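Hi,

Here is the structure I promised to pass on. Have a look at it first, and then read my notes below.

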Amino acid sequence: MQGLIGPPDYSQEPSRHPSLRINAKEPFNAEPTRENLISSYITPVEFFFKRNHGPIPLVDDISSYNVSIGGLMEKSVQLSLDDIKKLPKHNVTATLQCAGNRRTAMSNKKEVRGVGWDVAALSNAIWGGAKLCDALKLVGIEYNTKMTLSGGKHVEFISVDQCKEEDGGPYKASIPLHQASNPLSDVLLAYEMNGEVLNRDHGYPLRVVVPGVIGARSVKWLDRINIIEEECQGFFMAKDYKMFPPTVNWDNIIWSTRKPQMDFPVQCAICSLEDVNTVKPGQVTIAGYALSGGGRGIERVDISVDGGKTWIEASTYQKDNVQCIPYDISSDKWAWVFFKAVVGITEDTEIIAKAVDSSANVQPEHVETIWNLRGILNTSWHRVRLQIAS
Ligand SMILES: Nc1nc2c(c(=O)[nH]1)N[C@H]1C(S)=C(S)[C@@H](COP(=O)(O)O)O[C@H]1N2
Ligand SMILES: [Mo]
């Protein structure tokens with residue numbers, strides 16, 4: 001295992017857009033403002049949230065860069081970036097969401113550990129690259145394989161960055177082999193983002209994108225792919241990004257009792273308003289995003305302007321502001337939808353948004369019921385306050 005050679009070196013960080021809200025400087029963790037987040041269905045790269053656990057690696061010699069695929073199977077390969085670009089290219093529109101999205105609101109109820117995030121620890125991009133299932137074919141793994149002859153059941157992704165949680169070793173994560181080898185799960189080895197070369201913040205020269213799954217499994221700056229028997233035992237799989245009940249605290253936690261979180265649950269947030277707003281009486285626009293994990297679409301978004309007593313349905317949109325038809329095959333199944341409702345407000349009130357996904361899953365009403373010590377997956381009803389200007 002790599003040891004921490006010295007203090008982490010943050011002298012080579014890329015430049016970033018000045019409007020980002022910085023939640024932690026080193027490692028760099030930042031999200032766009034609410035307003036910027038919903039200004040475009042495809043998030044411009046400079047506004048895309050940035051979530052890191054160490055300094056941004058510098059991969060400058062692309063001619064010597066390669067990714068190895070090895071482990072529990074009959075043969076192994078080294079793939080240059082050109083080899084990966086020779087595989088069929090796919091563009092997949094997918095929203096990445098950090099499991100810590102909306103953590104600050106959970107911490108406000110009862111303290112949790114982790115970087116504080118408002119409602120914008122997610123963003124939507126068109127990822128261009130090769131499908132992981134096609135790369136796995138190069139080592140003899142056919143589509144929809146559950147287990148290799150030598151017992152491999154998981155696909156591990158290892159990066160080149162140095163994380164303090166790994167004692168200076170690289171970030172890593174894994175997904176099940178049946179998902180990795182299934183063409184329909186759209187797992188990508190991405191070298192492009194929104195039609196441009198992937199930038200350093202988002203994983204240059206190559207990253208994994210696992211649609212519908214918490215961002216933590218979409219490993220950036222990919223170095224090695226390993227076919228392994230059990231789930232990756234790295235810190236971010238074994239001792240982080242797991243969902244615990246509210247009864248578990250830092251004194252009684254037993255990490256091995258829970259599985260690593262994979263799909264994210266149904267989520268939405270209002271982005272046209274801050275937590276507390278002063279407005280004039282009249283029309284108010286309630287707009288935001290909604291999404292669900294595992295390829296489940298959004299069935300509807302409900303809005304209440306009276307603290308949850310009555311509800312109206314918002315309109316939902318994807319690209320080009322075209323109204324969504326749920327389950328339309330031309331919709332972006334891995335991407336968020338935007339929602340919008342215009343309501344008349346005459347007095348101080350609480351506005352709430354909650355989404356329902358295509359499996360009829362609904363967001364939970366209260367954050368207390370899903371509170372967990374690491375503050376992940378706060379998907380409780382999103383509430384904002386309106387005060388009438390006097
Ligand atoms: N190598 C590496 N990959 C990583 C991380 C990291 O720190 N190092 N962070 C993960 C987490 S927790 C998230 S939410 C996403 C964020 O991706 P982004 O910075 O492109 O938005 O990257 C994931 N992949
Ligand atoms: Mo994350």
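Start at ligand 1, where one of its oxygen atoms sits 2.7 Å from an N or O atom in the side chain of His-53. Keep in mind as you read that this is a predicted model. His-53 is also one of the residues that come nearest to ligand 1, along with Phe-49, Asp-161, His-202 and Lys-220, out of 20 residues around the ligand. Two nitrogen contacts are worth finding as well. In one, a nitrogen atom of ligand 1 is 3.0 Å from an N or O atom in the side chain of Ser-159. In the other, the partner of a ligand nitrogen is a polar backbone atom of Ser-218, again at 3.0 Å.

Now zoom out to the domains. The domain assignment splits the protein into domain 1, residues 4-257, and domain 2, residues 267-388. Their C-alpha centres are 27 Å apart. How many residues does each one bring to the contact between them? Domain 1 contributes 48 and domain 2 contributes 41.

On the area itself: the size of an interface is often given as the accessible area lost when the parts come together. For domain 1 and domain 2 the buried area is about 3,700 Å², with carbon and sulfur atoms giving 60% of it.

There is a polar side to this interface too. Between the two domains, 22 residue pairs are in polar contact, counting pairs where both residues have pLDDT 80 or more. The salt bridges between domain 1 and domain 2 number 5. If you want to look at a salt bridge in the model, try Lys-109 with Glu-368, whose closest N and O atoms are 3.7 Å apart.

Which elements of domain 1 give two or more residues to the side that touches domain 2? They are helix H1 (34-37), strand S6 (89-97), helix H3 (103-109) and strand S7 (122-131). S6 gives the most, with 5 residues. Sorted by type, the residues on this side of domain 1 are 23 nonpolar, 13 polar and 12 charged.

Back to salt bridges for a moment: the overall count comes to 21. Another pair to pull up is Lys-86 and Asp-83, with 3.9 Å between the closest N and O atoms. Both belong to helix H2 (residues 81-86), and because they are 3 residues apart there, about one helical turn separates them.

Last, some backbone details to check in the loops:

- Glu-26 and Pro-27 are joined by a cis peptide bond, with omega about -5°. Pro-27 is in the loop between strand S1 (21-24) and strand S2 (29-31).
- Another cis peptide bond runs from Tyr-204 to Pro-205, with omega near 10°. Look for Pro-205 in the loop between strand S11 (196-197) and strand S12 (207-209).
- Asp-186 has a positive phi of about 55°, although it is not a glycine. You will find Asp-186 in the loop between helix H5 (177-180) and strand S10 (188-193).

That's what I have for now. Shout if anything is unclear.

Cheers

Methods:
Residues are numbered from 1 along each chain as its sequence is written. Chains are lettered from A and ligands numbered from 1 in the order in which they are written. This is a predicted model: local features need pLDDT of at least 70, side-chain atom pairs count only at pLDDT 80 or more; totals for chains, interfaces and linings use all residues. Side-chain values use heavy atoms; hydrogens and water are left out. Domain bounds come from an automatic or database domain assignment. Contact means heavy atoms within 4.5 Å. Buried area is the accessible area (1.4 Å probe) that two parts lose on being put together, summed over both. A salt bridge is a side-chain nitrogen of Lys or Arg within 4 Å of a carboxyl oxygen of Asp or Glu. A polar contact is a pair of N or O atoms within 3.5 Å; within protein, one must be able to donate a hydrogen and the other to accept it, and residues adjacent in sequence count only if both atoms are side-chain atoms. Helices (H or I, at least four residues) and strands (E, at least two) are DSSP runs, numbered from the N terminus. Ala, Val, Leu, Ile, Met, Phe, Trp, Tyr, Cys and Pro count as nonpolar, Asp, Glu, Lys and Arg as charged, and the others, Gly among them, as polar. A residue is near a molecule or strand if one of its heavy atoms lies within 4 Å of it.
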